[in-house]
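Here's a walk through one structure, starting with some backbone oddities and moving on to how the helices pack. Keep the viewer open as you read.

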Amino acid sequence: MANLSVDLAGIKLSNPTLTCSGTCGYAFEYADFMDLSKLGAFVTKSITREERPGNEPTRIVETRAGMLNAIGLANVGLDRFLKEKVPLLKKMPCPVIVNVAGHSFDDYTETCAAMDSLDCVAGVELNVSCPNVKDGLTFGTHPGRLKELTHEVKKVLPHKPLMVKLSPNVEDITATARAAVEGGAQVLTLVNTFTAMAIDIYKKRPRLANVTGGLSGPAIKPIALHLVSRVYRNVAKPAGVPIVGMGGVQTWQDAVEFILAGATAVAIGTALFVEPSTPNKICDGLHEYLAKMKVERLSELVGALQLPGDEPRQSPYP
Ligand SMILES: Cc1cc2nc3c(=O)[nH]c(=O)nc-3n(C[C@H](O)[C@H](O)[C@H](O)COP(=O)(O)O)c2cc1C
C-alpha cells in the first residue's frame, strides 16, 4: 500500500484527511458514524474566550450544491472547553487541532496561550475569517492586522504549530496569505466559506435570520481549488509552508485535485452531513489512485500540477 502520511509543520498525520472546523463538534459527536482513528486529524469547532450562543435561527439553509450557514460561532467558551471538552480530547485516537476565534488581540492570545500547554492539542488553527459574526472579518481581510495578530499569537504559542485559516472574501488572497506567513503562520488553511444569501420568495425575506451566511460544499470547490493553486505558487511554496485545502471536498478525486494544486492535506466539512465516512472513503480512493499511478508516497504529488510555461517537473511518476 502507498504511504499516505503527511507532515503539517511537525504534526504527523497518518493520512491527509482532516475535518473542517464547525462541522463535527468538539470530539466524539461523530464517533458512531466515522472511524475517528482513521482520520488524519480532527479539527474542533471554533472556541472563543467567552461562551457564545451564536445567531438566532434559521441558521442553516440547504442550497442546490451546498449549504449556507450563519451559526455565528456558537460555542462553549474557553472555560467550559477546558473543563468539559479537553478530558474527551485526551482520548481522541488521532491528532487534535483546536480552532480558535476572537474579536480582539486579547481574545485570541488568551485562548491560544491556554492551548500551548495542553498535551492533547497538536496544533492551533486561527479562524480569522468567519463571515457570520460582527467584526468576524476584521482580521482576515486586513493584511497588516492579520500579520500583527499572527505574530502576537505565535508569541504565546511557542510549542504548537500555528495554522491560519484564510477568508476567500478578499480581493487578493495572496496578500493575506503572505501577511499570515510573515506573522509566523506555519500552515495555511483555505478556504473558509463565501458570503452569500438565499431568499424566501413568498415571505420576500432572507431565509437566514442573519440575512447572509457562508456558502460551503460542492458549489465552492472549483473556486477554492483556484485559490489554493494561487496561494501555493505565490506564497506557500516559496515560503515552504504547507497548505490544508478545503471547500467542497467530497470525493477522492476532489482530494487529488487539491493536492496537485498544492495542498499537503485536505479538510472535509459539508460532505460529512451527506456521508460522515467521507474521509475514510477518500483514503481508500487515494490508495487505489496511487497504486494505479505507481506513486509510492502521496506527498510526491503535492503541487504536481503542470501549468503552461512551467519547467518540466522531475518526477518518478507518469
Ligand atoms: C455548519 C458549518 C459551521 C462552520 N463553523 C466554522 C467554525 O466554527 N470555524 C471555522 O473556522 N470554520 C467554520 N466553518 C467553515 C468550514 O470549516 C469550512 O471552511 C467550509 O465549510 C468549507 O469546507 P466544506 O465546503 O467542505 O464545508 C463552518 C462550516 C459549516 C458548514
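V191 sits in the loop between β10 and β11 (194–196), and the bond leading into it is worth a click. A cis peptide bond links L190 to V191, with omega at about 15°. Bear in mind that this is a predicted model. There's another cis bond between P57 and T58, where omega is about 5°; T58 belongs to the loop that runs between β4 (42–43) and β5 (60–63).

For context, most peptide bonds are trans, and most residues other than glycine have a negative phi. On the phi side, A9 and L73 go against that habit. A9 isn't a glycine, yet its phi is positive at about 50°, and L73, also not a glycine, has a phi near 55°. Both sit in loops: A9 between β1 (6–8) and β2 (11–13), L73 between β6 (66–69) and α1 (77–89).

Are these residues buried or exposed? A9 has 16 other C-beta atoms within 10 Å, so it comes out as partly exposed. L73 has 22 within 10 Å, and because the cut-off for buried is 20 or more, L73 counts as buried.

Glycines with positive phi turn up too, just after helices. G240 follows α5 with a phi of about 70°, and G262 follows α6 with a phi of about 130°. Here are the four positive-phi residues discussed so far, side by side.

| Residue | Phi | Where |
|---|---|---|
| A9 | about 50° | loop between β1 and β2 |
| L73 | near 55° | loop between β6 and α1 |
| G240 | about 70° | just after α5 |
| G262 | about 130° | just after α6 |

Next to A9 in the chain you'll find L8, which lies in strand β1. L8 has 26 C-beta neighbours inside 10 Å, so L8 is buried. Leaving out residues up to four places away in sequence, L8 touches L13, P161, V187, P242, V244, T264 and A265. For a sense of scale, L8 and K204 are separated by 196 residues in sequence and by 47 Å in space, C-alpha to C-alpha.

Now for α5. This helix covers residues 221–239 and bends by about 55° at Y232. Y232 is also one of its buried residues, along with K221, A224, L225, L227, V228, S229, V231, V235 and A236. What do those buried residues pack against? Their partners are α4 (173–183), β10 (187–190), β15 (243–246) and α6 (252–261).

That brings us to the core. Nonpolar side chains in soluble globular proteins tend to be buried together. Here the largest nonpolar core has 95 residues, and the ones with the most contacts inside it are A41, V124, L188, V228, V231, V244 and V266. The biggest giver to this core is α5, with eight residues. As for V124, beyond its neighbours within four places in sequence it contacts I97, V98, V100, C112, M115, L157, K160, L162 and M163.

Helix α6 is mostly covered as well, with eight of its 10 residues buried: W252, D254, A255, V256, E257, F258, I259 and A261. These buried residues pack against α5, β15, β16 (265–268) and α8 (278–293).

The pairing of α6 with α8 deserves a view of its own. Their axes come within 8 Å and cross at roughly 65°, so the two helices are roughly perpendicular to each other. The crossing is right-handed. Where they meet, W252, A255 and V256 come from α6, while I282, G285, L286 and Y289 come from α8.

Compare that with α2 (residues 105–116) and α3 (residues 143–156). Those two pack at an angle of about 30°, with their axes 8 Å apart, and are therefore roughly parallel to each other. Again, α2 passes α3 in a right-handed crossing. On the α2 side the contact involves F105, Y108, T109, C112, A113 and D116; on the α3 side, L149, E152, V153 and V156. C112 of that α2 group also appears among the contacts of V124.

Note on methods: Residues numbered from 1 in each chain as written. Predicted model: local features only at pLDDT ≥ 70, side-chain atom pairs only at ≥ 80, totals over all residues. Bend = angle between axes of the 7 residues up to and from the residue. Buried ≥ 20, exposed ≤ 12 C-beta atoms within 10 Å, placed from the backbone. Contact = placed C-beta atoms within 7 Å. Core = buried A, V, L, I, M, F, W, Y, C linked by C-beta atoms within 7 Å. Axes fitted to C-alpha atoms, helices over the stretch in contact; angles between N-to-C directions. Parallel < 35°, antiparallel > 145°, perpendicular 65-115°, else oblique. Left-handed = near helix turned anticlockwise from the far one by under 90°.
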